[in-house]
Amino acid sequence: MPTESAVARVQRFLVLLPWLKAHPGVTIKEAAAHFGITTSQLVQDLRDLGSTELPGMHPGESINIEFWSTDSAEDDTDVHVDDDCTIVVIESLQFDRPTRIAAAEAARLVLALDVLETMVGSGFTAIPTARAKLTTIGPGETVPGQFLPRGKAPSRSAVVATVMQSLATGHCLTIDYLPDGRDEVSTRIIEPLELIVEAGGLERVDAWCRRAEEVRSFRVDRILRADLSDEEPRRPDVLDRAGALQDSAALRVHVTGPASSAWAIDGLPGCVVQSPAGAPIIASFPAGSMEWAVRWALSHADVLTVTGPEDLVAHIRSRARDALES
Amino acid sequence: MSAQTTAEDKAVRLFTLLVLLSAGRRPKTRAEVFERMTAFYPPGREARERMFERDKDDLRNIGVVIEAIEDVENEELIGYRVNYQQTQERGISFTPEESLAVSLAARLWEGTRAAASVEHAALQVDAIGGGPVETWLEQALRFTPMPEPVELLTEAMRSRSRVEFSYLKPADATPARREIEPWSVTALAGRWYLLGLDTAAAAGKTFRLDRIVGPVTVASAPGAYSPPPNVDVAAMLQGPGDAVETPIVLVRRGTCHRLRQDSVAIEQVDAQWDRCTLPARNEQRLARLIAGYGADAKVAEPVTLRAQVRSILEAASGGQHAH
């Protein structure tokens with residue numbers, strides 16, 4: 001880490017010692033990963049901490065850290081230190097608690113905990129208690145205690161918890177999935193690879209889908225049910241994840257409408273607006289399926305008019321008439 | 001040994017100074033510091049005094065409380081001592097679960113300028129909380145980055161400073177300047193919002209962060225306002241418009257899955273139809289969702305919702321349908 005400042009390094013020293021005390025038995029590899037540094041940097045840190053011995057100091061007045069290799073419980077400092085050695089803090093002086101958490105950081109963490117709660121829901125009871133503690137940091141400091149609406153535990157929190165469990169244990173999942181394009185629920189077995197979290201609850205899980213035999217992206221709010229499965233994982237070792245977010249744009253929807261309807265197309269992926277800002281709207285956007293396009297057009301018919309393609313316009317009209325006559 | 005200057009060595013010098021000033025209750029005089037740390041400080045008197053001053057400042061900047069102890073009688077400086085009670089986080093403790101929640105939360109700040117300091121704060125919490133090191137989480141979770149203004153807005157809310165920015169409404173041709181007293185920053189369905197008092201309009205408003213054009217700047221000194229005690233964030237996000245209480249919709253079997261997903265109760269009516277009871281919702285938005293399903297969804301009640309769905313569908317029918 002050539003660009004790291006001396007002050008940043010001392011800051012790490014100050015949190016490294018209490019962190020190691022709080023995590024006895026941690027290996028060099030695990031600790032380095034947690035601090036986001038290389039194992040050699042970590043070993044250097046720990047050796048430097050142990051070298052702060054000054055003339056005139058008594059035993060027990062200096063920091064003492066040992067590396068124990070996994071196969072023998074003996075002091076291994078003079079022998080080869082590998083990444084799987086555990087770190088044993090023999091003496092940490094008074095550096096057993098971290099320095100005070102700054103109020104600005106506490107505020108940022110409180111906001112992030114709020115957002116996290118909207119994702120994982122009220123099932124994670126440590127979120128409100130951790131937030132309550134962070135808001136009380138430091139006398140005379142103000143930390144906003146609430147950023148988000150409370151009491152609205154999203155129903156999908158159980159699904160998020162199951163997906164996380166599957167990621168932690170490597171289990172396959174059986175899911176009931178409602179895709180965006182079709183009004184139809186299908187049951188499939190997926191092997192989750194990664195949970196992609198968007199603030200405010202639009203998380204996706206990238207997973208190997210047995211049925212499609214490729215990596216697909218599933219919207220968590222469209223997973224109606226998720227159960228851990230006893231099936232053995234059988235995805236290939238090497239996966240092509242580029243196609244996970246499929247953009248199977250089957251058709252392009254063309255719309256017109258008054259300028260005041262701009263909200264309706266705002267944020268639609270791939271939307272191209274041809275009219276200038278503030279003028280009546282002429283725009284087009286891709287749709288994954290005819291079914292989705294008809295549903296979208298019916299929903300927004302009072303604010304925007306679909307002008308093409310022709311078969312879509314015809315579908316919209318006949319669907320609307322059927323509904324009005326039924 | 002000559003004075004050492006690289007960052008690596010400076011870190012060791014700073015930490016050694018900290019260890020020395022922390023050892024025992026007795027304050028250490030400057031002479032004692034230089035004598036015991038001869039390997040670290042240069043021999044020239046002025047140079048080492050300057051370096052010592054800078055080192056003290058550096059340590060204070062990262063939260064170390066260094067006290068200058070004076071003789072009570074003649075007010076002469078005796079020496080320096082680190083006050084550990086004030087330096088260390090002793091007021092609170094965290095459970096392993098809480099520290100896991102905080103580490104996860106910190107990852108939401110990934111990719112922003114505040115990432116490093118938030119990560120450090122999470123490590124501080126984890127150093128109190130302990131618990132297992134969940135390495136799988138690093139692999140298994142990816143967070144989409146927070147939009148840039150969140151950092152400044154969080155700090156403005158904490159210090160209660162007004163903010164200013166240009167805001168472009170989708171129907172407008174040009175952005176307009178706004179001055180806001182921020183009450184809340186929040187995210188819903190993947191979008192970020194700022195809630196606060198629009199000072200020009202003297203009313204609480206909701207702003208979408210992705211419609212802010214250019215930078216958000218601080219527009220007042222800290223402590224410029226007090227947010228109202230009970231902001232109904234959910235109601236403000238819901239936007240204007242009437243909420244409809246307990247709407248009931250008939251849905252054809254095997255269809256309308258999103259309505260089914262939202263329902264609080266679903267009963268079978270006959271071989272073709274189910275009756276869905278939905279929670280209270282914004283009437284117009286619910287009408288749009290229902291209209292999208294065409295003949296597969298029929299509003300049972302209330303009549304106002306039925307009329308709204310009908311008028312949307314009439315627009316879709318090409319205007320040839322009689323009322």
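These are legends for a handful of close-ups of a predicted model, centred on chain B and its meeting with chain A.

**View 1. Chain B as a whole.** Let's start with the full chain: its secondary structure comes to 12 helices and 14 strands. With a radius of gyration of 31 Å, well over the 20 Å that the globule rule gives for 323 residues, chain B is more spread out than a compact globule. The C-alpha trace spans about 100 × 50 × 40 Å along its principal axes. Of the 323 residues, 35% count as buried. As for how the chain folds back on itself, take the contacts between residues at least 6 apart in sequence: 56% of them join residues at least 24 apart.

**View 2. Strands 4, 5 and 6 of chain B.** Strand 5 (residues 176–188) is the one to follow here. On one pairing, strand 4 (residues 163–167) runs antiparallel to strand 5, and 5 bridges join the two. If you want a landmark, look for Val163(B), whose bridge partner in strand 5 is Ile180(B). Strand 5 also pairs with strand 6 (residues 191–198), again in the antiparallel sense, over 8 bridges.

**View 3. The turn between strands 5 and 6 of chain B.** Zoom in on the hairpin that these two strands form, with 2 residues between them. Leu188(B) has Arg191(B) in strand 6 as its bridge partner. Within the turn sits Ala189(B), with a positive phi of about 50°.

**View 4. Where chain B touches chain A.** Here 99 residues of chain B are in contact with 99 residues of chain A. Helix 6 of chain B (residues 115–129) supplies the largest share of the chain B side, 12 residues. Sort that side by class and you get 56 nonpolar, 26 polar and 17 charged residues.

**View 5. A strand pairing across the two chains.** Strand 4 of chain A (residues 186–197) and strand 3 of chain B (residues 141–143) run parallel, joined by 3 bridges. To find the spot, look for Ile196(A), which stands opposite Arg142(B).

**View 6. Helix 5 of chain A against helix 5 of chain B.** The axes of helix 5 of chain A (residues 126–135) and helix 5 of chain B (residues 96–106) come within 8 Å and cross at roughly 85°. The two helices are therefore roughly perpendicular to each other. From chain A, Ala126(A), Ile127(A), Thr129(A) and Ala130(A) meet Glu97(B), Glu98(B), Leu100(B), Ala101(B) and Val102(B) from chain B. By class, this contact has 6 nonpolar, 1 polar and 2 charged residues.

Technical notes
Residues numbered from 1 in each chain as written. Chains lettered and ligands numbered in written order. Predicted model: local features only at pLDDT ≥ 70, side-chain atom pairs only at ≥ 80, totals over all residues. Pairing = 2+ DSSP bridges. Helix = DSSP H or I, 4+ residues; strand = E, 2+ residues; numbered from the N terminus. Contact = placed C-beta atoms within 7 Å. Nonpolar A, V, L, I, M, F, W, Y, C, P; charged D, E, K, R; others polar. Axes fitted to C-alpha atoms, helices over the stretch in contact; angles between N-to-C directions. Parallel < 35°, antiparallel > 145°, perpendicular 65-115°, else oblique. Rg over C-alpha atoms; globule rule 2.2 N^0.38 Å. Buried ≥ 20, exposed ≤ 12 C-beta atoms within 10 Å, placed from the backbone.
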